[in-house]
Amino acid sequence: MRLSGKGLIDRTKPVSFRFDGNVFQGFEGDTVASALMANEVKLVARSFKYHRPRGVMGAGSEEANALLTVGRGAAQDPNVRATMQEIFDGLETRSQNRWPSLHWDMLSVNDLAAPFLGAGFYYKTFMWPKAFWEKIYEPIIRRSAGLGALSGAHNPDRYEKAFAFCDLLVIGAGPAGLMAALTAARAGADVILAEEDRLMGGRLNGETEEVGGMAGADWAAGVVAELEAMPNVRLMTRTTVTGAYDQGTYGALERVAHHLGDRGGRPLECFWRIVAKRAILCAGAIERPVAFQNNDRPGIMTASAVRTYLNRYGVAPGRRVTVFGNNDGVHQTARDLIAAGVHVAAVIDNRRDATDSNDYPVYRGAEVCNSSGRKGLESVTFRSLSGEDKVETDCLAVSGGWNPSVHLTCHMNGRPVWNEAIQSFVPVDGMIPGMTTAGACQGTFSTHGALSEGAAQAIVALDTLGISAKVTDIPKAEDAPYEVAPLWAVGGKGRAWLDFQNDVTVKDVKQAASENFASVEHMKRYTTQGMSPDQGKNSNVAALAVLADATGRGIPETGTTTFRPPYVPVSIASLGAGAQGAGFAPQRFTTSHNVSVDRGAPMIEAGLWYRPSFFPARGEKTWRQSCDREVNMVRNAVGVCDVSTLGKIDIQGPDAGAFLDFVYTNMFSTLKVGRTRYGLMLREDGTVMDDGTTARLGEQRYVMTTTTAAAGPVLRHLEFVHQCLCPQMDVQMISVTEQWAQFAVAGPKARDLLNDLVDDDLADENWPFMACGPIKVLGVGGRLFRISFSGERAYEIAVPARFGESLFGELNRRAEALGGGLYGMEALNVLRIEKGFITHAEIHGRVTAFDIGMERMVSAKKDCVGKTMSERPGLSGADREQLVGLKPVGPVKQLTAGAHLFEVGAAAVRENEQGYTTSVGYSPTMESYLGLAFLRNGRGRHGEEVVMVDHLRDVTARCVVCDPVFFDPEGGRVRG
Amino acid sequence: MGYSGKFSGWRVLKEGLTGNKGWQGHWREVQPKPEYDLVIIGGGGHGLSTAYYLAKNHGLTNVAVLEKGYLGGGNVGRNTTIVRANYFLQGNSEFYSHSLKLWEGLEEDLNYNVMHSQRGLINLFHSDGQRDAFARRGNMMINQGDDAVLLDREGVRKHLPYLDFEQTRFPIYGGLMHPRGGTARHDAVAWGYARGASDRGVDLVQNCEVTGIDIEDGVVKGVQTSRGPIRAKKVGIIVAGRSGQVAAMAGRRLPIESHVLQAFVTEGLKPVIDHVVSFGMGHFYISQSDKGGLVFGGDLDFYASYAQRGNLPMKEHVMEAGMTLMPMIGKAKVLRSWGGIMDMTPDGSPIIDRIDGIDGLYIDCGWNYGGFKAVPASGWCMAHLMATDRPHEVAEKFRLDRFRTGVGIMDEEGTGAQHNLH
Amino acid sequence: MAEMNAKSPCDGLLPIAAGDVHLSEIPMTLMTSISPFKGQTAALSEALKAAHGMALPAPNRATGRDGARVVWIGREQVMLIGPEPAASLEAHGALTDQSDAWAVVRLYGEGAEDVLARLVPVDLRAAVFKRGHTVRTMLQHMSVSITRVGDSAFQIMAFRSMAKTLVHEVETAMKGVAARDAS
Amino acid sequence: MRITCPICGERDRREFYYVGDAVALSRPDPDDGDIAWDDYVHNRDNPAGVTRDLWYHEGGCGAWLVVTRNTVTHEVLQTELASDAKEAMA
């Protein structure tokens, strides 16, 4: 019921929205919860397990009952707190976890079966018959569990992440937070004030009390106005600080556009990484319910929530309201109700010495012990010295006292301590380095106390930063002492709820204790207490008290309650913002990319790069046809391939040669200027890390080539070796991968293609195999390397990247004129397999130089990284799987990579496994499938027949073991 | 049967009708005795299953499990609950295969519903090279007698239509499906083994921290604890992330570095992910619990840590992987994140062995972040080793000295001797 | 006779604008990385000053102006941008031509800081990151060099092959900031 | 987590690559024997408390750092250039 003339809503701006298909009216400034309440909608949700009818319980992000689904279609957003969702025209909301409807929910039969569904019942049943678990029991459990639903469609909304930095982060803008921010801001500090709510002011917006002689809300608005005008202050509303991390890093979720019908391109949410030199937690406190039989009915809510709806939203949660509790908050609530013209049916105060009143009946030393009303509260029963009595009421405001919001202080494993006076846990200093606490979140419940602590903590925090802040005078405010009598669970039969969302009752906790789940962690895990969407914010302390009672221990001895990030649930989309689609990792394009795409080449990922798979020619229907043609082209004419993605590292300095001798197994200090050498690099554990050619361009200058995959790791490794192992060496290195566009020109006609393209005569006496040097390419300064990954006469020609596309086109034109053309990764792979050249398919991190037959490349003349460990007994010898070639014997469907090898006639089982294939391809040159494989004692078994078995692709092939170099073993062709 | 009586649907009905007053503790509360035949240090999944199989398979019941905190409070209670047998190296293959077989009979064996759910696991691959590597793995799984199916892109689409097959950064080429892979209710595994061991006479001692290991002339005599000295003929160290510290009590350094691995769970959602799915281009694996929460994880935070909590960069990386692979989970909200202490070895494979030079001292550690699915076989094989002084045949390659000799190194990732890369 | 045509890294991608923030490509010029040999730092600085009028900048600093800068780009590494490096430098350090290795863009306009705050884990606000300051850091998942070249103008360098991703990331952030400022 | 690079200043952990214990600086001689090498490459003190480990400022200046750090609290006590630490050892 809406009350006239009250609240911080804009009555000039009516807003209409939908809930479960019905249109409702509210005002700008309303949440879905307040607007539904104004329309006297009590039933808004169903509980998780028993599907009990539930109504709004609180007024903040800790809401345990009123979870809704917002929006439709792909964008539908499940489990949104009705208490946090601001209404706007066109907003669409629905209730969840009910079927067929909120009012008639079939699964509410669970409520009748409650005796059989107590704590941990599922650990004790559903075991017979065995086959039924996956087929019957689990599917039923899964379907009935869960709350809201995802749409199942790709996320259509924009999310964002950002970084922010400040001297002081103030978390929460209640009285303590506002005072802290104001004090720090006036001192000139760089301040961020983050507030979860739409409005700053915290409880002041929900109470009638005065601050500094004016309405609390007005005082707050005044402070906010002053802060807004300061350049050194950043105000962040609708922003929840969700986690505290190391060295002053905080995570914060900003709900940027959830309250907007038209977002105008704004992200829906922004996840902030805030780095703060100091932080003050002013998160306030959460009022706790009291456990009694049927304490979960729609209409039963916290007393502070009732005041908030009255004072902030101008809504009466009921027409005959009863108030129940153990502290003076109940009387404040009654007074506010009376002042708002709402009938107060009774005030039930468990304190014998509670103050009486002439305005409403007060029952002292009494406790509510039951309630009635299936879909909305109709009456409550209470018990006092004079026995049981019943009162008709449609709303019960409950206060079991307050729990400081210590959550963030627990994020680094710190444990809050029990405070007898407030019957709750409070943080201790230093739980989060650099963060202090002020106000209600550390047990100071008076407004005056919060204001002065906020100011004081700001001064202390700034002082540690060398900023002196003046003591600002504290405005006059309520300073009443907080007195509370323990009141956790009212005795009696029936179920009394602790964790409303997960349907955990007092009985469940007691039963857990009786089954030896007596430690807090065991109880939580066995009953799921505290694991629901509110993460125990409303229930952990009470549950702990019940457990303490059940185990005959005091609360402090029983344990403490701790919390893990995030403080409120955070969408995966916000934490993962930017990654949807291609944003997960950078895309790297070669200079020839567009030309390759224009030629119809399918581009495939090679690490972060894209490389052409093959270049389909007219009439070719399969990749194999293109691949075979490209291979033949290279073997018989000339082919061109972009090899720019290989890593290139410029290494210079007087000790460059010595440095390379140490990182490579073989010698490079002896390499002549103008020559290139193949190098093998080991990890310190003795296995092969990478291979490639390194060219000596000058006395003190080399350029190293790495594989595409290892470019980054190899540079990191070189820097490690230099900085950590031999910093005395005078050598410098830097990547030049991006500087050069480099193309392989391979085939018998390679020299013909290049001859009049470059300014030098490429006669073999000037440019023998493995020669390298500077050269001019159509007038542009470049480099030429006579190296080959195909076994043919081949050159790699490099020019500054700006000319890459131009040169690639030119090379292609000239190649085609010579009966050749472009070739892609598929052909490159076949060409190298024919020659037995290895890639990371072979050097996959488990092989040694011995395994690939290169142990002779490990120079005996010097030490090098990995040499000693490579000499371990287990890393060489006949038991090792060694690189071999495989040729099929007789007609076979194909060879496949990832198949296993067995002796002829042996069963294809693990015990008989002899090795596996790593690379295969059809060789048009040899007119046969060829395979590279690792085979136990393989080099000793050339000529032997083995069987290749690929269960997955259903291929079995008899193969003969041979040397991995299938084509031109003498290597004549490469020399021309 | 035992102290807490047999569990069954009938019992649940009967107790329900009588106010659930008949339930007993799932295990006996005990005071530690001054002496035992065997002492297990560590009341986590592996320690409890070791105790259970010592009693069940070897009739050794004069056994104590000493737990510093509460039973099952370590990694068994803080993981992503995945159960699989999809290894490809000799040594790992037979061991995890054995473990999966034990899982398949675990509920009946323990009379405890650990909710082992063989919903199928799909490892996605994103290049031809990855496909071939997974093919090698799948073929080994079949060689070992387990199950594997190689799915192409369309095959994956049939099972996981919600993946982003169009815009994702690393296109989905296909997946290796392991139909018998799945999940289990992690806490229940610890509790079920605890109940089974306790019923057979094993003493489970909580809040009992081991502070020293008594060794005389190279022979174990017992342990010092926060609850006094306890004599024992044999002592087993089964403390996962704490292995280095406990081994140090015996003067040993281990090939282990302890790292933090984070995991995440979202608010409860109606069924949307029916398998266990893992991404091939960055660590990300996800399943949906029976309660409806999406349970997922990623890679280590990569720095040595005992804090059981992580930092934002890895959280973000994991969520980013999720968003590029299956953007439909964007509006699922992370409810809780936590961290476990992973005992990382130089080759990513575990250790079940005697400690050389100290008679009666054994160690079971180095589970990296594959420990949960190994719980049954690890206990089975550790119990065998402690009872018979011979390694069990499916665990004989898990030797401590393999790093020094280089014999039998099992580096499934191929990343070499850098502890945090496995 | 065929000829070689030069193509800049951001060819066809820039300029773009959103709200009052602009992103444009800085025309390609000579870029030479310079790393001092052992014990040659001082001598190199002298030679650099003599030849190009700019001493070796300290870490996280850049000297010079448009057309002739020396930007610190890493441990024992600076980038000479603009001039042809004098031969006199070679005696004191390793010189490497990087003219084609980097995509170099200029982000400017009110709100440029807000755009970078969505991409870069370093505080680049004017109060702490002044004209002449430079950082090696990451822009989303890319390694970059960022230098403040004006009151609200930054030079951003990323690897040439990642130019498209660089532009995409910055443009996305620019749009997000523009949308908010519109409110 | 934030680490102070001696060259770049305090930076977010995401800019750094971690490799492991700073024992990596103490590479044995080839003939120090298999025990020494096993200790160097594999075995670790792995303390729950203060440790020295190696980080690479890959997303920044490219320096390798020795970071003195508490593995329980994540407190960073000291950072130095690995090259300085190594040369100091010589």
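In the predicted model, A:Val380 has A:Val391 of strand S23 of chain A as its bridge partner. This pair belongs to a longer run of pairing, for strand S22 (residues 379-384) of chain A and strand S23 of chain A are joined in the antiparallel sense over six bridges. Both strands are part of an open sheet of three strands in chain A, in which the order is S21-S22-S23 and the pairing is antiparallel. The edges of this sheet are formed by strand S21 (367-372) and strand S23 (387-392) of chain A, each of which pairs on one side only. On average, and with direction ignored, neighbouring strands of the sheet are turned by 25° against each other. In general, the strands of a sheet pair through backbone hydrogen bonds, either parallel or antiparallel.

Strand pairing also links chain A to chain B. Strand S31 of chain A and strand S16 (residues 333-344) of chain B pair in the antiparallel sense over two bridges, and here A:Val570 stands opposite B:Val334 of strand S16 of chain B. Between the two chains, 90 residues of chain A are in contact with 94 residues of chain B. Several elements of chain A each supply at least two residues of the side that touches chain B, among them strand S6 (77-81), strand S14 (249-255), helix H9 (506-514) and strand S31 (570-571). The largest share of this side comes from helix H3 of chain A, which contributes five residues. Sorted by class, the side of chain A that touches chain B has 38 nonpolar, 30 polar and 22 charged residues.

With chain D, 18 residues of chain A are in contact with 20 residues of the partner chain. Helix H17 (711-725) and helix H21 (867-870) of chain A each supply at least two residues of the side that touches chain D, and helix H17 of chain A provides the largest share, six residues. The side of chain A that touches chain D has six nonpolar, five polar and seven charged residues.

Helix H19 (residues 804-817) of chain A has 14 residues, which at 1.5 Å a residue should span 20 Å, and its end C-alpha atoms are indeed 20 Å apart, so the expected and computed lengths agree. Helix H19 of chain A is mostly covered, with 10 of its 14 residues buried; the buried residues include A:Gly804, A:Leu807, A:Phe808, A:Leu811 and A:Ala815, as well as A:Glu805, A:Glu810 and A:Arg814. Just after helix H19 of chain A, A:Gly819 takes a positive phi of about 80°.

Note on methods:
Residues are numbered from 1 along each chain as its sequence is written. Chains are lettered from A and ligands numbered from 1 in the order in which they are written. This is a predicted model: local features need pLDDT of at least 70, side-chain atom pairs count only at pLDDT 80 or more; totals for chains, interfaces and linings use all residues. Two strands pair if DSSP finds at least two bridges between them. Helices (H or I, at least four residues) and strands (E, at least two) are DSSP runs, numbered from the N terminus. Axes are lines fitted to C-alpha atoms, for helices over the stretch in contact, and angles run from 0 to 180 degrees between N-to-C directions. Two residues are in contact if their C-beta atoms, placed from the backbone, lie within 7 Å. Ala, Val, Leu, Ile, Met, Phe, Trp, Tyr, Cys and Pro count as nonpolar, Asp, Glu, Lys and Arg as charged, and the others, Gly among them, as polar. The expected span of a helix is 1.5 Å times one less than its number of residues. A residue is buried if 20 or more other C-beta atoms lie within 10 Å of its own, exposed if 12 or fewer, and partly exposed in between; C-beta atoms are placed from the backbone.
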